[in-house]
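Okay, everyone, thanks for coming. Let me put the structure up, and then I'll talk you through a few parts of it.

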Amino acid sequence: MADYIYTMEIRLTPDQLKGVGLVQDVARAAGMNLYLTGGAIRDIISGFTIRDLDFTVQGNPLKLQKDLEKAGAKITAVEEDSRTIFISLPGNARAEISMARTERFEKTGKPPIVTPATIHEDLRRRDFTVNAMALSLNEGSRGLLLDPFNGVADIETKVIRILHNYSFLEDPSRLIRATRFAARFHWVLEERTQARYDAAKEGKYIDHILRSSIGHEIAALAHEDDPLHVVKMLEKEGWLGILHEHWTVAKVDTNGISQLMKTRQQMVDMGYTPDAGPAVMYFLTSHFSDKDVSDIQKLIPRKDLVEAWRDIEDHAKQLAKRLMGKEAATPSRTWQLLSSARPEMVLFLAVTAKQQSVEQKIKNYLTKWRQVQQKLPLPEMTELLITPQLPEYPKLAHDVFMLLLDGKLRSRTETLKFLKPFAPPPPPPPPAPRRGRAAKAAAEAPAAAVAAKPGPKAGKKAKGAVAAAAPAAPPVALAPAKLQAKAPEKSKPAKTALKPSKPKAKPAKKPTPKPPSKPSKGKKKKR
């Protein structure tokens with residue numbers, strides 16, 4: 001059995017993974033069953049970029065709004081009819097939480113009648129098999145994949161399959177979605193699905209599309225990895241004019257959007273996560289009139305996307321002005337300014353900057369200065385034992401990097417002079433060498449003897465055991481007294497030398513006391 005929780009954890013970005021935990025804690029506190037559903041599961045399994053997190057709860061998610069905001073999420077849009085809320089999670093992660101529901105279409109072109117349902121019923125009302133999957137995030141069934149229509153198999157065979165024959169009739173926006181998925185994934189429509197697609201196209205089902213569905217499809221274009229290719233396919237199928245009557249590829253800034261996506265990928269490789277959506281919409285509608293742009297913005301449900309799109313030019317001009325002022329007079333100041341700016345602004349300004357100095361500074365920020373940063377830690381830092389394990393290392397490394405950018409550490413001598421005050425003290429000297437085995441044994445023998453000496457109350461057996469354990473002293477030959485007297489003194493014996501022990505004389509036997517004799521009557525007893 002596949003471990004889908006593990007797959008989810010390694011496929012999501014750190015910010016998205018934190019977002020999953022945030023929503024999971026809020027739903028659990030509210031007593032709602034929570035599932036990761038739809039496109040998020042499809043992209044996790046297929047390996048494609050995970051753009052949004054789609055959650056489904058068994059209950060009303062509108063009741064979670066206050067708790068989500070307290071946890072750090074931002075509510076960007078709410079759809080009362082479908083019980084869906086759109087949120088922006090910390091770290092620029094987008095998500096939506098919808099109610100598990102059924103949809104009954106009484107008439108084509110009219111909004112469906114929505115009723116609460118179980119997660120299994122919710123999966124049956126969806127558009128394609130690859131989107132009709134759910135991963136349980138609940139304690140009792142965490143990691144269980146629900147795939148009633150075998151969407152995993154269709155992902156493996158790279159086909160797009162509708163769930164039932166009336167799918168395009170009930171929701172004509174699925175015609176646009178099918179084309180968009182086919183262009184994004186380079187998949188094909190399954191044979192029966194292709195037949196239904198052609199019939200719906202010939203029957204002009206698209207004329208009954210809902211305005212709210214058009215807004216969702218426009219917003220989806222903003223987050224495509226290759227929006228230009230998708231737009232070309234939509235125009236080929238005749239769907240681009242449905243999104244807006246004046247929309248054609250000729251009104252798209254193709255050079256600008258190509259450069260934008262190239263720079264975005266460069267920033268992603270560096271570890272940034274810029275939201276390119278506002279800039280994508282700017283280039284997709286660059287030749288539109290202000291009125292046409294305003295009409296499109298009114299259709300998009302996510303107001304955070306609309307606001308960022310409206311303000312993108314003004315914010316970029318402000319950042320360009322700061323880059324040309326004293327605030328960015330040196331490379332180190334420029335680095336700090338661009339590091340504190342929103343990644344979306346750096347991305348947009350890198351493509352649209354008209355001032356050569358601004359363009360060059362952003363180019364250095366993304367390329368040349370990155371190479372300088374990769375040199376840390378310097379060899380001189382390693383030589384002085386200044387390693388990342390030191391508490392002050394992050395600040396010191398930052399200071400060294402700033403000096404390198406400004407060209408103030410050009411030689412080894414200058415680098416060592418700056419770093420030496422921050423070097424840790426040298427390690428203590430090594431311990432003295434150990435003495436020989438005999439000396440060590442002699443030094444340890446008295447301590448061992450003292451430890452093994454029995455107490456005064458010890459019995460005879462204990463004393464005998466100690467005596468047996470103690471090594472016998474080597475016999476010392478005694479020279480005759482006359483020879484000892486004549487022998488000259490060559491050297492004085494060391495104090496620690498062992499002296500020959502003299503044999504102890506045997507104690508004389510005590511005489512057996514005699515009983516005292518009785519004193520005679522005529523003599524007095526001596527006192």
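So, in which sense do strand β8 and β9 pair, and over how many bridges? They pair in the antiparallel sense, over two bridges, with β8 covering residues 134-136. If you want a residue to find on the screen, take Ala134, which stands opposite Leu146 in β9. And before I go on, keep in mind that this is a predicted model.

Now the sheet that these strands belong to. It's an open sheet of seven strands, the pairing is mixed, and the order reads β3-β4-β5-β2-β1-β8-β9. At the edges you have β3, residues 74-79, and β9, residues 145-146; each has a single partner strand, so one side of each is left without a neighbour in the sheet.

Next, look at what lies across the sheet. Helix α3, residues 39-46, lies across β1 (34-37), β2 (52-57), β8 and β9. Relative to β1, α3 runs at about 60°.

Helix α3 also brings me to the empty space. How many cavities of 30 Å³ or more does the structure hold? Just the one, and its volume is about 40 Å³. The residues lining that cavity are Tyr4, Met8, Ile41, Ile44, Ile45, Leu135 and Leu145. Two elements give two or more residues to this lining, namely α1 (4-11) and α3, and the largest share, three residues, comes from α3. By class, the cavity lining is seven nonpolar, no polar and no charged.

Let's turn to an open space, the second largest pocket. Its volume is about 570 Å³. There are 27 residues lining this pocket, and the closest to its centre are Thr13, Thr49, Ile50, Arg264 and Thr273. As for elements giving two or more residues to the lining, you've got α2 (14-29), β5 (93-99), α13 (254-269) and α14 (277-284). Of the pocket lining, the largest share is four residues, and that comes from α13. What about the classes in this lining? The pocket residues divide into ten nonpolar, nine polar and eight charged.

Okay, on to helix packing, with two pairs to show you. The first is α16, residues 303-323, against α18, residues 343-352: their axes are 9 Å apart and the helices pack at about 80°. Angles from 65 to 115 degrees count as roughly perpendicular, and therefore that's how α16 and α18 sit relative to each other. On the α16 side, the contact is made by Ile312, Glu313, His315, Ala316, Leu319, Ala320 and Leu323, and α18 brings Met345, Val346, Phe348 and Leu349. Sort that contact by class and you get nine nonpolar residues, one polar and one charged.

The other pair is α17, residues 331-340, and α22, residues 393-405. Here the axes come within 7 Å and cross at roughly 125°, which makes α17 oblique to α22. Which residues of α17 and α22 make the contact? From α17 it's Pro331, Ser332, Trp335 and Gln336, and from α22 it's His398, Phe401, Met402 and Leu405. The classes in this contact come out as five nonpolar, three polar and no charged.

That's my tour, so let's go to questions.

Technical notes
Residues are numbered from 1 along each chain as its sequence is written. This is a predicted model: local features need pLDDT of at least 70, side-chain atom pairs count only at pLDDT 80 or more; totals for chains, interfaces and linings use all residues. Side-chain values use heavy atoms; hydrogens and water are left out. Axes are lines fitted to C-alpha atoms, for helices over the stretch in contact, and angles run from 0 to 180 degrees between N-to-C directions. Angles under 35 degrees count as roughly parallel, over 145 as roughly antiparallel, 65 to 115 as roughly perpendicular and the rest as oblique. Contact means heavy atoms within 4.5 Å. Ala, Val, Leu, Ile, Met, Phe, Trp, Tyr, Cys and Pro count as nonpolar, Asp, Glu, Lys and Arg as charged, and the others, Gly among them, as polar. On a 1 Å grid over the protein atoms alone, a cavity is a set of points where a 1.4 Å probe fits but cannot get out, and a pocket is an open set with protein on both sides within 12 Å along at least five of seven lines; lining residues have an atom within 4 Å of a point. Grid points are joined across faces, edges and corners, and a volume is the space filled by probe spheres set on the points. Two strands pair if DSSP finds at least two bridges between them.
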